[in-house]
Amino acid sequence: MASPNRLITLDTETTGLDAQNGDRIIEIGCVAIEGRMMRSTDEHHLQIFVNPEREVPEEAVAIHGITTEYLQDKPKFAEIADKFIDFVKGSTLVIHNAAFDTGFLDMELGRCGRGKISDYCQVIDTVKLAKKLLPGRAVSLDSLCRYYEIDNSNRTLHGALLDAELLAEVYLSLSRGQDTLTLVNEDIDNLPPMPAFDASIVIKASPEELAEHERILDIAEKKAKATPAWRKTAEPAEKSDAAASA
């Protein structure tokens with residue numbers, strides 16, 4: 001079972017828009033986020049093409065490029081249900097316009113006697129999150145990619161795995177704010193003593209985490225048209241380190 005702290009961005013492609021009137025899932029794409037990082041390993045990605053047991057209309061093919069012929073030799077949903085459930089069970093799903101995808105997942109899971117997606121996962125809807133955090137702004141996936149300067153140039157057609165990867169980057173950008181800290185109810189005279197310096201464990205950021213930090217600072221600097229406070233405070237420390245080693 002997946003960790004309860006594991007976030008998984010999810011997207012589906014379908015034969016149409018109406019799960020209740022015969023439309024079916026044809027692709028599922030999932031990307032796991034752990035420690036606020038995406039990792040390019042098989043255990044962190046899931047892409048499944050599904051035989052919908054019906055024709056894929058041309059208007060749907062025009063959106064995602066997935067044809068009836070391509071799906072003919074792919075497994076039916078009932079044949080991949082356990083694989084999908086094993087990947088997502090116990091995690092929190094991050095979905096853009098969640099009602100659409102969960103409606104289709106509930107329909108498919110119900111068809112094969114596997115209940116509903118809420119039986120296995122909690123769900124975060126990034127449309128609702130974006131509307132709350134960015135009031136008045138367009139909140140389509142493409143619009144959010146432009147706002148956060150995420151490269152979506154490969155998105156010439158919709159694809160579940162590609163969209164799940166883009167959504168992971170969007171979600172990390174949406175959720176990077178800091179929680180409010182307060183000492184209003186603390187008795188400052190009875191706070192526990194600070195631990196000795198040599199008792200502290202220092203965990204240094206990985207090169208990937210440092211690169212992501214710099215990317216976020218670049219976005220902040222461009223939007224604010226000013227140097228972020230982090231870089232202002234980091235510069236004297238770097239000069240001090242350089243002087244000490246001279």
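In this predicted model, the buried residues of helix 3 are covered by several elements, including strand 1, strand 2, strand 4, strand 5 and helix 4. The residues of helix 3 that lie beneath this cover are F77, I80, A81, F84, I85, F87 and V88. Viewed along the axis of helix 3, these buried residues fall within an arc of 150°, so they line one face of the helix. An α-helix has 3.6 residues a turn, so residues three or four places apart point the same way. On the face turned away from the buried side, helix 3 carries the exposed residues E79, K83 and D86.

The length of helix 3 can be checked too. Its twelve residues should span 16 Å at 1.5 Å a residue, and the end C-alpha atoms are 15 Å apart, which agrees. Just after helix 3 comes G90, with a positive phi of about 85°.

A wider view brings in the nonpolar cores. The largest has 28 residues, of which I28, C30, F84 and V88 touch the most other members. At least two residues of this core come from each of strand 1 (7–14), strand 2 (25–34), strand 4 (45–49), helix 3 (77–88), strand 5 (92–95) and helix 4 (98–111). Helix 3 gives the largest share, seven residues. A second core, separate from this one, has 22 residues, among them A130, L134, Y148 and L172.

C30 offers a closer look at the largest core. Beyond its neighbours within four places in sequence, C30 contacts F84, F87 and V88, and also I8, T9, L10, H44, H45, L46, L161 and A164.

Note on methods:
Residues are numbered from 1 along each chain as its sequence is written. This is a predicted model: local features need pLDDT of at least 70, side-chain atom pairs count only at pLDDT 80 or more; totals for chains, interfaces and linings use all residues. Side-chain values use heavy atoms; hydrogens and water are left out. A nonpolar core is a set of buried Ala, Val, Leu, Ile, Met, Phe, Trp, Tyr and Cys residues joined through side-chain atoms within 4.5 Å. Buried means under 20% relative accessible area, exposed over 50%, partly exposed in between (1.4 Å probe, protein chains only). Helices (H or I, at least four residues) and strands (E, at least two) are DSSP runs, numbered from the N terminus. Contact means heavy atoms within 4.5 Å. The expected span of a helix is 1.5 Å times one less than its number of residues. The arc is that of the directions from the helix axis to the C-beta atoms.
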